[in-house]
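Welcome to a short set of exercises. Keep the sequence and the model side by side, and try each task before reading its solution.

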Amino acid sequence: MSEPEASAAAASATAKPKTETQLRKEAEKEAKRQAKLDKFNKKKEKLGQAAAAKSAPGGDAEKKPKGKKLKEKEVVEYTTDTKPGEKKDCSNAMPSSYTPRYVEAAWYAWWEKQGFFKPEYKHPGMAKREGSFMIPIPPPNVTGSLHLGHALTNSIEDALTRWHRMRGEETLWNPGCDHAGIATQVVVEKKLWREQKKSRHEIGRE
């Protein structure tokens, strides 16, 4: 008997016999392992059968894909003859779904003619109210993309300005207030160097 075999025989001779609880746990562990192996083999066999059925003539691979075909959305345009500055004719039938080209057509010129963008709204019968309301529109940063926060901020400012204007106050919603000068400068400097290999010092303040 070799030395390793002798050592193994001596270890087995001196090892304590396993208790009934240990033997039961080992049996349960082995049963779970075998169940998982059987489940894996069945799944593998099923996948193989499905692949063979698809590749066979007349199988699922030759069938047309299921699902509804998306219909192309009809683009409806406003075709009524409306001169610039005249109010849009809203007596026509509306499109079944929202169509920007139809909904937004012809309105802007009428808004301008009516003076809706002037600081003071002189509506017949409206009393002049003392005071004014002015709020700046911060532009989006050049360091990122537009998101819902920009839309929410501008919606609130728009509603506030309109409300003060409806009260008869002189209002101004002033666009273009810079609120991220340093971040904007860094982005512009990198762009200049990347495209023209120039620094802000070379371009100068003028």
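**Exercise 1.** Is tryptophan 193 buried, partly exposed or exposed?

*Solution.* Some ground rules come before the steps. This is a predicted model, in which local features need pLDDT of at least 70, side-chain atom pairs count only at pLDDT 80 or more, and totals for chains, interfaces and linings use all residues. Residues are numbered from 1 along each chain as its sequence is written, and side-chain values use heavy atoms, with hydrogens and water left out.

Step 1: recall the classes: buried is under 20% relative accessible area, exposed is over 50%, and partly exposed is in between (1.4 Å probe, protein chains only).
Step 2: tryptophan 193 has 46% relative accessibility, so it counts as partly exposed.
Step 3: place tryptophan 193 in helix α6, residues 181–196. Helices (H or I, at least four residues) and strands (E, at least two) are DSSP runs, numbered from the N terminus.
Step 4: apart from neighbours within four places in sequence, tryptophan 193 is in contact with Lys198 and Ser199, contact meaning heavy atoms within 4.5 Å.

**Exercise 2.** Which side chains of strand β1 point to the buried face?

*Solution.* Step 1: find β1 at residues 132–137, where the side chains alternate.
Step 2: Phe133, Ile135 and Ile137 point to one face and are buried, whereas Ser132, Met134 and Pro136 point to the other and are not.
Step 3: look at the partner strand. β1 pairs with β2 (residues 170–175) in the parallel sense over six bridges; pairing requires that DSSP finds at least two bridges between the strands. Within this pair, proline 136 stands opposite asparagine 174 in β2.

**Exercise 3.** What is the nearest side chain of opposite charge to glutamate 157, and how far away is it?

*Solution.* Step 1: locate glutamate 157 in helix α5, residues 148–166.
Step 2: apply the charge rule: Lys and Arg count as positive, Asp and Glu as negative, and His and the chain ends are not counted.
Step 3: the nearest such side chain is arginine 162, 11 Å away; glutamate 157 is buried yet has no salt bridge. A salt bridge needs a side-chain nitrogen of Lys or Arg within 4 Å of a carboxyl oxygen of Asp or Glu.
Step 4: beyond its neighbours within four places in sequence, the contacts of glutamate 157 include Ile135, Ile137 and Trp173.

**Exercise 4.** How many salt bridges does the structure hold?

*Solution.* Step 1: the count is six.
Step 2: one of them joins glutamate 195 and lysine 191, with the closest N and O atoms 3.0 Å apart.
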